Amino acid sequence: MESDKIRNIGIIAHVDAGKTTLSEQILLHGGAIRSVGKVDDGMTTMDYLRQEQLRGITIRAGVASFEWKGKQINFVDTPGHIDFSLEVERSLRVLDGAIAVFCGVRGVEPRTKAVWALADKFDVPRVGWINKLDMPGADFAGTILEIEEAFAITAIPVDWPVVKDGVVVGAVDLIEWTARELREHQSRKLSAIPADWLAFAEPARERLLEEASKDDEALMEQILSNAVDPATLIQAIARGCKSGRLLPITGGSALRGWNSATVLDSVVRYLPSPSVPKGLEDHPGAGLVFQTSRGEENRRVVVTRLFAGTVRSGGLIKKAHSDDPPDTIGRIFKVFADDLKETDFAQAGEIVALEVGQQWRTGDTILAEGGQEVRFEADHRARLVLELALEAASEEDHRLLRIGLEHLAEEDSGIEWSEEAETGRCTLRGQGELQLEVALEMLREAHTPSFKAWPPHVRRRERLRESVGPMKEKAEWAGQWLEIEAKVEPADDGTTIHWAGEVPEGIRAAAEAGIREAMGNGHSGHGSLDGAIWTLSICGKSEAPPAALGKKILDHLGPEILKSAGIITEIPATKALIQTPDEHLGAILAALQSKGVEIQAIDTQRNGSTIKAFSPLEPLLGCVTLFRSLSKGQALVSLDPNGWVVESA
């Protein structure tokens, strides 16, 4: 399919804004389903994992393809809960546009701001949908003003819903300048816009024309001649949307399906088609794996966004920055939730599922044979800040536990695990408490091992305090000798080793093994050191020194240098946003202060207040349950990772 006929889109929103409910309506309008499921009943189409259905949240990004008005929509349903923010980021990387969902009652909520910032980071154009206009206190115009104030963007309604007594009775199409009546999910075009609707429709139309015509001479001329062509207006809005200047907005009630088709019209009109990233125009094939699963007969399937080139069934692909041998594509599928439809090939701009033979992880970059190295996703290990210990009840349970952990890590790069060789105890790492809780339940359901899980605790890491060196050391054996000089300096992540001058391969490997052992042993009881740049050189040597002298030197010199550099222990920090009705504000503030949390600001909003706070993560473990209890279930809590801070003595 030609790329200009494709729209790769997803939904971003605060949790509970109605994102998954709107997804059901989108699939219904696109003909992908015959009836909508309800989040409260655990029967939504995109949430096909059992834990998603039980909890009413979207854990992994579901994918569906369908057609709407001549365009192929590849629709990615993204998670909204903060514990799955890596899934949100990965989804945004594969999208060309997004639907931003806002609650018409609560307005702009804390998590909305967080996902909006991520969309800005990845330059994803957006259209807006204001939901829950059937609820008491909903305010379409007021929410638009909040959006403009919160995001410094011009929010322009392109379709204005008419709400009377909690019912969306009609809408004014501000593009075509027509009106329609809505009854029982049926739409009837009116011969004229009712007089009482014009009171709000005319000012909205005037503002729409004014904002859309900025820097558009053709549209300005049409406005002055009072002969606006809807196609010209649509093109102008699309340009403003792509540049991030304009946010086209529609609204209604996703739960009732009122006016929800307008959001798909916005998608095909204003969001861009996919384009090949700069520098990859001639690449034979490159894409990002953003979901993995098991297909028929337990075959591996990877859901992939192709950014460049073409892949075909039977073709060879490899992992970027990996020494693994090439893998062969078995079959290629288009995706509908967990239903797959086979196709022969896929090209740049498409989102498809590839049946593969090797093990792939979410976040891996796929390269077609002969393609240059490129990577679409960074390493997220530093953001896996919680961990818990697992211990199986028997040898067979341990085997099942290992299989389950391998599958979890394969399907979600926000999960890692390791095993202690001496004890067999496993450690599971993740971003948040809910994520780890869901992972444990999935382990028990899918693989049925019997195991004990300890409560999660905050991960700590060791870092270098300062740079040290160069320092030298000499070693001798059987008349042969070697002298190595080394220095170390702190780095953001990982261990990098540089050598000055030519070095025999055996000495290089032995010395580097000594360094990695020194880094891996840990010095304060909190695991391995993280983040160092080593620079080494050979100061002198005999004619043929044994390679083992390299390790002997670094086994002693490495720890000495690290001791001189000084070790600090860091703990993860978090930014907390707590949205609560004002009557519960005092109790939540008191609880935060008792935990030593730094209160940075308190913002008054339409439906209460939002507390902005900063703290090490540890005091806030379990706070979601606490704050909901203090607010009688009404507080909404968002914890965003905010780097690492030095642990106080």
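**Contacts, sheets and salt bridges**

Reader: Leaving out residues up to four places away in sequence, what does aspartate 344 touch?

Author: Not counting those residues up to four places away, aspartate 344 touches Arg312, Ser313 and Ile332, where contact means heavy atoms within 4.5 Å. Please keep in mind that this is a predicted model, in which local features need pLDDT of at least 70 and side-chain atom pairs count only at pLDDT 80 or more, while totals for chains, interfaces and linings use all residues. Residues are numbered from 1 along each chain as its sequence is written, and side-chain values use heavy atoms, with hydrogens and water left out.

Reader: OK, and where is aspartate 344 found? Is it buried or exposed?

Author: Aspartate 344 is found in the loop between strand 17 (339–343) and strand 18 (345–347), and with a relative accessible area of 57% it is exposed. Here buried means under 20% relative accessible area, exposed over 50%, and partly exposed in between, using a 1.4 Å probe and protein chains only. Helices (H or I, at least four residues) and strands (E, at least two) are DSSP runs, numbered from the N terminus.

Reader: How far apart in space are aspartate 344 and phenylalanine 333?

Author: From C-alpha to C-alpha they are 8.2 Å apart, with their positions 11 residues apart in sequence.

Reader: Zooming out, how many helices and strands does the chain have?

Author: The chain comes to 15 helices and 34 strands, and of its 649 residues, 53% count as buried. Among contacts with a separation of 6 or more, 72% come from residues 24 or more positions apart.

Reader: Let's do sheets. In what order do strands 7, 8, 9 and 10 sit?

Author: Those 4 strands form an open sheet in the order 7-8-9-10 with antiparallel pairing, and two strands count as paired if DSSP finds at least two bridges between them. Strand 7 (159–164) and strand 10 (186–189) stand at the edges with a single partner strand each, so one side of each has no neighbour in the sheet. From one strand to the next, the twist averages 25°, with axes taken as lines fitted to C-alpha atoms, for helices over the stretch in contact, and angles running from 0 to 180 degrees between N-to-C directions.

Reader: What is the bridge partner of proline 161 in strand 8?

Author: That partner is alanine 171, and altogether 6 bridges join strand 7 to strand 8 (residues 167–173). Helix 6 (residues 195–212) lies across strand 7, strand 8 and strand 9 (178–183), at about 150° to strand 7.

Reader: And the open sheet with strands 27 to 30, what pairing does that have?

Author: The pairing there is mixed, and the 4 strands follow the order 27-28-30-29. Strand 27 (468–477) and strand 29 (495–500) are at its edges, each with a single partner strand, so each has one side without a neighbour in the sheet. Strand 28 (residues 480–490) and strand 30 (residues 532–541) run antiparallel and are joined by 9 bridges, with proline 490 opposite alanine 532 in strand 30. Helix 13 (residues 548–565) lies across strand 27, strand 28 and strand 30, running at about 150° to strand 27.

Reader: Switching to helix 14, which of its residues are buried?

Author: In helix 14 (residues 585–594) they are Leu585, Ile588, Leu589, Ala591 and Leu592. Because these cover an arc of only 160° around the axis, they are on the same side of helix 14, the arc being that of the directions from the helix axis to the C-beta atoms. The face turned away from the buried side carries the exposed residues Gln593 and Ser594, and the cover over the buried residues includes strand 31 (567–580) and helix 15 (623–630).

Reader: Last topic: how many salt bridges does the whole structure have?

Author: The search finds 31, a salt bridge being a side-chain nitrogen of Lys or Arg within 4 Å of a carboxyl oxygen of Asp or Glu. One of them joins glutamate 618 and arginine 460 at 2.9 Å, N to O. This pair links distant parts of the chain, 158 residues apart; glutamate 618 counts as partly exposed at 36% relative accessibility, whereas arginine 460 counts as buried at 18%.

Reader: Which residues are linked with Glu181 in a network of salt bridges?

Author: Arg183 and Arg188 are linked with Glu181 in that network.
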